[in-house]
Amino acid sequence: MVIRAGGLALALATLPCGAGLAAPPTTPPARVVSINLCTDQLAMRLAAPGQLVSVSMLARDPRSSAMAEAAKAWPVNQGLAEEVYLLHPDLVLAGRYTARASVEMLTRLGVTVVIFDPADSLEALRDGIEKMGAALGREEAAAAELAAFDARLAAIRAAAPAPARRPTAATYEANGYTSGAETLAGEIIETAGYRPIAGDLGFPYGGMLPLEALVMADPDLVIRGARQPGASRSEEVLDHPALAALSGASAVVEDHDWICGLPSVLDAVERLMRAAPPEEAR
């Protein structure tokens, strides 16, 4: 029976909850579809040739994706259950908080969906690589990826100076958002040799940091995200003269370097290490 897109949408809507729940595959999946930016990039790094058949449209966005150019090799999807189902996947990769309606519909249709949590630390990043390797049946590729990541991280830590006082750092982005000390961004900052001050200011997991609090803290390094094209009132705070008056250094880290738990977070670490050497801290 041929099910067209319109009929499929109706079928999806009328399926009883819990119908067609699929058991985990016992053999490596042959047709994998990713509907999340972070699973896109993990799958692109680990999938066997021909195994990954589609990635989300965000995978090609250079502002969000560290692998935007590589993603052009795959067809993209918008994360809609109808279009994903018509790709005939035997495995769908999704994030914990993205496309929830699509995930529920696909699961009810019997499609196997593996959900990944956002990485909030370097250890969680490693766990995500291992999980992706297991989901794709590519454990050896995941082990090689982890070995390369661990070796590069060890070299970075060995090269990092150990000053008597660790310089302080804070992220400051649109709407005054700051990343918390107990997040992946916070660990990236620590690995680069800085002490993130977000926790001291009452933002262990991130939040809107008042400009006055940032000025009073006067960190050795203020880390900003790359500006987006066009004009946005949310970014006006980044042009405030008080920021220019801070005595510390300033650095821009591309958002795609640390949105996801990928080995590319080490690019952000190295960029921060070059921004203001710890020995120059006040």
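## Burial of the disulfide cysteines

Cys 260 is buried in this predicted model, its relative accessible area being 2%, and this value counts as buried because the cut-off for that class is under 20%. Cys 38, its disulfide partner, has a relative accessibility of 23% and therefore counts as partly exposed.

## The disulfide

The structure holds one disulfide, which joins Cys 38 to Cys 260 with an S to S distance of 2.0 Å. The torsion about the S-S bond is -80°, and the link of Cys 38 and Cys 260 is left-handed. This pair links distant parts of the chain, 222 residues apart: Cys 38 belongs to helix 2 (residues 37-46), while Cys 260 sits in the loop between strand 11 (249-253) and helix 10 (265-275).

## Backbone with positive phi

Most residues other than glycine have a negative phi. Against that background, Ala 99 has a positive phi of about 50° although it is not a glycine, and its place is in the loop that runs between strand 4 (91-95) and helix 4 (100-108). With a relative accessibility of 28%, Ala 99 counts as partly exposed.

Asn 175, likewise a residue other than glycine, has a positive phi, with a value near 65°. Where along the chain does Asn 175 lie? Asn 175 is found in the loop between strand 6 (168-171) and strand 7 (177-178).

Technical notes:
Residues numbered from 1 in each chain as written. Predicted model: local features only at pLDDT ≥ 70, side-chain atom pairs only at ≥ 80, totals over all residues. Heavy atoms only, no water. Helix = DSSP H or I, 4+ residues; strand = E, 2+ residues; numbered from the N terminus. Buried < 20%, exposed > 50% of the residue type's maximum accessible area, 1.4 Å probe, protein only. Disulfide = S-S within 2.5 Å.
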